[in-house]
Each structure stands twice: as C-alpha cells, then as structure tokens.
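Welcome, and please open your viewer for a short tour. At each stop you will be told what to select and what to look for.

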Amino acid sequence: MDAGAILQKVKQKDPLTNGEARWFGHALSGADVSDAQAGAFAMAVCLNGLSPAARVALTEGMRDSGDVLQWDLPGPVLDKHSTGGVGDPVSLLLAPALAEVGAYVPMISGRGLGHTGGTLDKLEAIPGYVCDIGPQRLRHVVETVGCAIVGATGRVAPSDRRLYAIRDVTATVASVDLITASILSKKLAAGLDGLVLDVKTGSGAFMVDVEDAKHLAQSLVEVSSGAGCPTSALITDMSQPLSSSAGNAVEVVEVMKTLTAERSSDRLLDVSIALGGELLARMKLAESVEAGCSKIREAISSGGAAERFSKMVYAMGGPKDFSETWQCRLPEAPVLQEVFATETGYISAIDSRALGNVVVSLGGGRRLETDRIDPSVGLSQIARIGTKTDRKTPIAMIHATSEIRANQAAEQVRNAITISGKASEQPELIIGGIKP
Ligand code: URA
C-alpha cells in the first residue's frame, strides 16, 4: 500500500477500502508514513471525514499497532471510559464494583488533560500507588484482585501516540473520526469483552453542547461495536462538578466516603450505578438495566467494592488495608480556606471548566506535560446548582499550598459561580443513552 495514494483518496472524498484504512492506522506507528503524511491525513480526515466502515478499520489498525491483551478468565473482561470532566472519580468506584460482581477490569486510564482531572493522577495521590506497570504485573493484579487501574505502556497503540502528537500541533484534534479512533484504539487494546462509555456534556466537558456529545457517543458506540466489543454509552451531565470535590487526594476522599458509606456523594454514586447497570445489562449479566443497577448498588453498599479497591491499592504498591486507614494516608494541603458568595440568592450556573482550571492553577493539574502535580490541593464542599447562598455559608473549601494562592483561587471560584434571585432546578444527571 502507498500512503500518498491513500491521502489522494481522502482529499478527493473517495471512500477508503477497509484494507486501506486499516493499513494506514497500523502504518502510522512506523516509517511507511512520514510525519508530513500523518499531518496531511489528519487534516484531510478532519475536513472530509471517513465512512463508518473506514472509521472502524482505522481504529482496528491503530489498536493492532501495539500490544493487544488476551485473557482466559472465568468472567467477562469489562471496562468503562469517560470523555473527561471535573470532580469525576467514577472509575475509582466502578472498577472495583464491577470486579465485585464477577467481572475482570483491566482499566487503562489517562492523566489530567486541560481542565479535566485524570484517573491516574488521583490514584497516585495514594502514597506508593504506581500506575505504570508492565503487562505481566497487570495480568497478575487483574487475575488476583479482579481490577487494576493502570497507565498505558509505550507498547499500547503507538500509532495513536504519534498521530495524537501531530494532531495537537496541526489543529486537527476536534474531529469525531479521529477522537473516536484515538480513544478506542487504546481502550480496545485491553482485550475487552464489553465497554460502557460516559460521554459528558456541559460546562466542564470537552463536548459542551449536548448534540455534539450525542454525535461523539454514537460514533464511539458504532466503532467499538463494529470492532467486536459490545458497547453502550450514557450521556451525562457535566454542567457542575459530579462530586463535591475537584482535585486528586480530595476526590479519593469522596470515593472512600462513598465506598465505605460514611457519606455517599449521591450524584457520583448515581452515575457509577447507572453506568455499571447499563454495562451489566448490555453484557446479559443482568436481566435489565434496573437489575444491573441493583447489583452494582449492592456491590458498593455491602462494602465489597471497598475491599476490592483496598486490595487493588495494595497490589499496586500502596498501603495495606486502605479501606480502613485511608483517613490518615492521604496528603493534606497546609492551607484550608472557605469561599463565601458575595450575594444572597441561588446558584443558577457553574462554570465547571473554570473550576477545573482553579485546580490546575493551585498545582493539582498540569499546564505542561512535564509539570509535577501536587496531589494535596484542590476544592472540596463545592456547592451545587440550586444551593441557596448568603455571605455566611461557604460555597467551597480551598486546599492550597499558601494563603496567596488560596486567595487567588477564592476569587476564581466566586467568578465561576452565577447567583440569581430565583431558585433553579437541578440539571438532569443522565441525559440519554446510545445503543448500537
Ligand atoms: N482523548 C483521547 O484519547 N484522544 C482524543 O483524541 C481525545 C481525547
């Protein structure tokens, strides 16, 4: 095959054959495609799109450019993927809950991107937790514990790593075809039997507009199912942070409180249960979505998921018995400062992207890939939409390294919150579902 001839076809909107799209997806990891050709391909796809079949084939080629795990386990191999948000640690709840109901979950996750938090950064707030383990160790942890949340090794979908870096500097990130192939080439390399997607929409999501989120969800479900992995998606609300904390250690605190029933963060719990129930029903591991939800709820309320999480933490290098000792294990910021509203009224909107950026500016996220993050900083007790405000009740708590940074963050938090005179309703949490 010839990269130049394939580029010519995409430029002219001639449909690629599956063989051509698959070849290109695979060849992106090697010398048969130059950087210039990869950039031209990204731009041509961005402008002209791919057919649904070529999208599947491109994804398969990219998936197969590196290691693809294979499993021989007594239960299904399942996973969940989120398109990213603020205050959203669902993976930390759902992976052990799925393991508790008999699935195996090799969850290859990412770090924070832009204003959104990253699952790996949250887990690394736990002292000793090492995300970057090799395939042998991943296999061992999944087999013995039931779930492992890890980073991608250099051998997972190398075509995506190269294309993503090129897209980043050629204004070609915002393409549904390319986002779909990028996300799924990495996810499907984990050798999954089933997948559920949490596609976020609202002020803290990459897809702010609900129609864009539905379009991406449809593409992800079609391609993943077309590549042989039964998949469904939920569109969920990100017009406010999902839990009342945003940051790394502070989100682990939310998770542990929810898993140990000390205090359940209801929106976090509800989305975790809805995604798990959807996946169990899709995989025929439950008779209906409601029955699937009951199984996940029970896995959490029984304490079983907390125990699994604790075992995973230990197996990944963290402390033993984390579910019992987490309160004294997590890093704490030296400065805690309450933020008060300047007006009396009701919270009518939250700029969640701005809150995510507050966490980044406190040091809890990265501006450059090489930045080191401080796991202790962030926001907690974030008030939700509809909350009545006055000048005496805090709307958030800032966890910072200094008073100066806390004061700056307080101003940014106030600016991110809109207060109006009229009480507004809670936004709907589960906006819709996409099945193939
Ligand atoms: N996440 C990815 O992994 N790839 C994209 O293209 C966008 C988000």
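Which residues are around the ligand? Select Tyr164, Arg167, Ile179, Ser182, Ile183 and Lys186: these are the residues around it, each with a heavy atom within 4 Å of the ligand.

A word about what you are viewing. This is a predicted model, where local features need pLDDT of at least 70, side-chain atom pairs count only at pLDDT 80 or more, and totals for chains, interfaces and linings use all residues. Residues are numbered from 1 along each chain as its sequence is written, and side-chain values use heavy atoms, with hydrogens and water left out.

**Stop 1: the ligand**

Stay with the shell and colour it by class: you should find 3 nonpolar, 1 polar and 2 charged residues. Here Ala, Val, Leu, Ile, Met, Phe, Trp, Tyr, Cys and Pro count as nonpolar, Asp, Glu, Lys and Arg as charged, and the others, Gly among them, as polar.

Now show helices α8 (158-168) and α9 (176-188), which each supply at least two residues of this shell. The biggest contributor is α9, with 4 residues. Helices (H or I, at least four residues) and strands (E, at least two) are DSSP runs, numbered from the N terminus.

Next, look at the polar atoms. In Arg167, a side-chain N or O atom is 3.0 Å from an oxygen atom of the ligand. Ser182 has a polar side-chain atom 2.6 Å from a ligand nitrogen atom, and Lys186 has one 2.5 Å from a ligand oxygen atom. The protein covers 80% of the 230 Å² of accessible area (Shrake-Rupley method, 1.4 Å probe) that the ligand has on its own.

**Stop 2: an antiparallel sheet**

Strands of a sheet pair through backbone hydrogen bonds, either parallel or antiparallel. Select β6, β9, β11 and β7: in that order, these 4 strands form an open sheet with antiparallel pairing (at least two DSSP bridges between two strands). At the edges stand β6 (246-247) and β7 (335-340), each with a single partner strand, so one side of each has no neighbour in the sheet.

Zoom in on β7 and β11 (residues 394-400), which pair over 6 bridges. There, Val335 stands opposite Ala400.

Add helix α17 (residues 403-416), which lies across β7, β9 and β11 at about 25° to β7. Such angles run from 0 to 180 degrees between N-to-C directions of axes fitted to C-alpha atoms, for helices over the stretch in contact (heavy atoms within 4.5 Å).

**Stop 3: a mixed sheet**

Finally, select β1, β4, β5 and β13, 4 strands that form an open sheet in this order, with mixed pairing. Its edge strands are β1 (78-82) and β13 (430-434), each pairing on one side only.

Which residue of β13 stands opposite Ile235? Highlight Gly432 to see that partner.

How values were computed: Polar contact = N/O pair within 3.5 Å; in protein donor to acceptor, adjacent residues only side chain to side chain.
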